[in-house]
Amino acid sequence: MFKYPKQNDDKFSGSPFSDVPEDWATKAEDTPSTSPFSQKKDTAETAPSSSPFDEIHTSSTLTTAASRNVLNQDVEVVGVLRFTDDLLVDGSVEGRIESDGVLTVGGNAFIKAGDKEKSTVQTKSVIVHGRVHGNIEVTDRVELAATAEVIGDISANKISIQEGAILVGQCRIGAPASMPAAKAKPAASPVASKTPNLLG
């Protein structure tokens, strides 16, 4: 058997907490709270909101990405289609497209004028890779890719047509600096009468 040396009982006579420093014994009201939950509450009340959703609303990247609208190949629209900024159509539209932005007609797209109207596209610019049956009226530029098929009249400030594009219609591109003045018709010369003058 092991024998332990006898210990002095006087050593344990006092309270086991007698060696605790006095500042540990202060009341909870006198000391500021060090709870992590209370710090979080104070921070939430005083600090400005740093929600990730706030950054999304002010981000310019999201605005740029959202400015391009897309109608896929399985989308079919009947009626008037209006949009802002840019639109890529790869489906079918029967009716009229109106915008101040840029329209891109994809290779699978088919845009057809409605029964009562022949004007199909009225935008700032249009880039055609697919088929458009109807008139195109733009304020800036029309680009016809090699796969484009346009049956209708085009009115634009500028036009670009690649080899292989099909265009059946009239084009009115730009505006002349000054319209030529209409030539005045020469006055009709008096015709001499064949009957003799009997008065002399």
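## Strand β9 and its surroundings

In this predicted model, β9 and β11 pair in the parallel sense over two bridges. Within that pairing, Glu137 has Ser155 of β11 as its bridge partner. β9 has further parallel partners, and the table gathers these pairings together.

| Strand pair | Sense | Bridges |
|---|---|---|
| β9 and β11 | parallel | two bridges |
| β9 and β12 (residues 158–161) | parallel | four bridges |
| β7 and β9 | parallel | eight bridges |

Two more residue pairs help you find your way around: Val142 stands opposite Ile159 in β12, and Ser125 stands opposite Arg141 in β9.

Now for the interior. The largest nonpolar core has 24 residues, and those touching the most other members are Leu103, Val105, Val126, Val128, Val132, Ile136 and Val142. Several strands each supply at least two residues of this core, among them β4 (92–99), β5 (102–105) and β7 (119–128). The largest share, four residues, comes from β9. In soluble globular proteins, nonpolar side chains tend to be buried together.

Leu103 is a handy place to start looking. Beyond its neighbours within four places in sequence, Leu103 is in contact with residues including Phe83, Leu87, Val89, Ile97, Thr123 and Ser125.

What about the aromatic rings? Zero aromatic pairs turn up in a search of the whole structure. Phe110 does have a charged companion, though: Arg131 lies over the face of this ring, at 4.2 Å from its centre.

One last stop is Asp85, in the loop between β2 (76–83) and β3 (86–89). Most residues other than glycine have a negative phi. Asp85, although not a glycine, has a positive phi of about 60 degrees. Asp85 is partly exposed, at a relative accessible area of 45%.

Notes:
Residues numbered from 1 in each chain as written. Predicted model: local features only at pLDDT ≥ 70, side-chain atom pairs only at ≥ 80, totals over all residues. Heavy atoms only, no water. Buried < 20%, exposed > 50% of the residue type's maximum accessible area, 1.4 Å probe, protein only. Phe/Tyr/Trp six-rings, centres within 6.5 Å; stacked < 30°, edge-to-face > 60°. Lys NZ or Arg CZ within 6 Å of the ring centre and 35° of its normal. Core = buried A, V, L, I, M, F, W, Y, C linked by side-chain atoms within 4.5 Å. Contact = heavy atoms within 4.5 Å. Pairing = 2+ DSSP bridges.
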